[in-house]
Amino acid sequence: MTGLESSDCTVAIGRPLGEEITVTVLESSLNCSAGEVVLFSGRMMWRTGCRKLPLSLINSRTNTLIVKQRVLLPGNGVILQYNSRNATKKYYQDCDKQLFGPQGEIVNPVQLPDQMQGVVCRTFINVAPRHRIAIRALYIDLGNKSNQTHFNYILVRDVSTMKTMVFHGRQQFFWQSTGSQAEIEFHENFKEHQTSFWAEYHAIEPK
């Protein structure tokens, strides 16, 4: 991330669920007194720095990591090396899914009979930096809301703002994120009603 004309640069790294990412800072020419900085962020970590970066080791703790660099002087920046490995701690449910790429399909997860009741299954969506995510629900049947204590619903989270929206019943929807990451949580009560959900997503290119 050196020798760039742009003052802001973002790199996104993604691996399959079950892995975690480690990043080593090999070189850094950031001018700390001028306010130049690099930021590492993931679902379970956030770290910013400038001084004493070389040979620093950053662990994402999950399968995705975003690196943001801001420089003021042309040519300054960092050189990173990243690797992935099996995660030391399990951070996901077996019914979770990870989606990468500019477009794809989202379906409700299917839990096996031996899986715990009440487990919240999630779908993670990551697209290229500076892009946004559009989700269009094509078919949704989460049952009725007659039982207010145990009704099924879908929660969609905009990761960059942490704002969430809840959808239930047969309410089709069109949703857009403000950043390049989104999460969908499926809250289901299988004893009451088997849910069905089908949607498509696509990345919106930056203006």
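**Group meeting: Asn 76, the pocket and the cavity**

Okay, let's start with Asn 76. If you skip its neighbours within four places in sequence, the residues in contact with Asn 76 are Met 1, Thr 2, Gly 3, Ser 29, Asn 31, Glu 36, Gln 69 and Val 71. Before I go on, a reminder that this is a predicted model.

So where does Asn 76 sit? You'll find Asn 76 in the loop between β6 and β7, with β7 running 78-86. Is Asn 76 buried or exposed? Its relative accessibility is 15%, and buried means under 20%, so Asn 76 counts as buried. One of those contacts deserves a second look: the side chains of Asn 76 and Glu 36 are joined by a polar contact of 3.0 Å.

Right, on to the largest pocket. Its volume comes out at about 630 Å³. There are 28 residues lining this pocket, and the ones closest to its centre are Leu 39, Ser 41, Ile 66, Lys 68 and Gln 181. As for the elements, β1 (8-14), β3 (37-41), β6 (64-70), β10 and β15 each give two or more residues to that lining. Which of them gives the most? That's β6, with 4 residues. If you sort the pocket lining by class, you get 10 nonpolar, 10 polar and 8 charged residues.

And where does the pocket lie relative to the domains? It lies between domain 1 (7-86) and domain 2 (97-204), because both of them give residues to the lining.

Next, the cavities. How many are there of 30 Å³ or more? The count is 1. The volume of the largest cavity is about 40 Å³. Around the largest cavity you have Arg 43, Phe 124, Ile 125, Asn 126, Val 159, Gln 181, Ala 182 and Glu 183. By class, that lining splits into 4 nonpolar, 2 polar and 2 charged residues. Two strands each supply at least two of the cavity-lining residues, namely β10 (121-126) and β15 (181-187). You've heard those strand names already: β10 and β15 are also among the elements that give two or more residues to the pocket lining. And Gln 181, one of the cavity-lining residues, is also on the list of those closest to the pocket centre.

Last stop, His 168. This residue is in strand β13, residues 163-168. At 26% relative accessibility, His 168 counts as partly exposed. Then there's Ile 154: His 168 and Ile 154 are 14 residues apart along the chain, and their C-alpha atoms are separated by 6.3 Å.

That's my tour, thanks for listening.

How values were computed:
Residues are numbered from 1 along each chain as its sequence is written. This is a predicted model: local features need pLDDT of at least 70, side-chain atom pairs count only at pLDDT 80 or more; totals for chains, interfaces and linings use all residues. Side-chain values use heavy atoms; hydrogens and water are left out. On a 1 Å grid over the protein atoms alone, a cavity is a set of points where a 1.4 Å probe fits but cannot get out, and a pocket is an open set with protein on both sides within 12 Å along at least five of seven lines; lining residues have an atom within 4 Å of a point. Grid points are joined across faces, edges and corners, and a volume is the space filled by probe spheres set on the points. Ala, Val, Leu, Ile, Met, Phe, Trp, Tyr, Cys and Pro count as nonpolar, Asp, Glu, Lys and Arg as charged, and the others, Gly among them, as polar. Domain bounds come from an automatic or database domain assignment. Buried means under 20% relative accessible area, exposed over 50%, partly exposed in between (1.4 Å probe, protein chains only). A polar contact is a pair of N or O atoms within 3.5 Å; within protein, one must be able to donate a hydrogen and the other to accept it, and residues adjacent in sequence count only if both atoms are side-chain atoms. Contact means heavy atoms within 4.5 Å.
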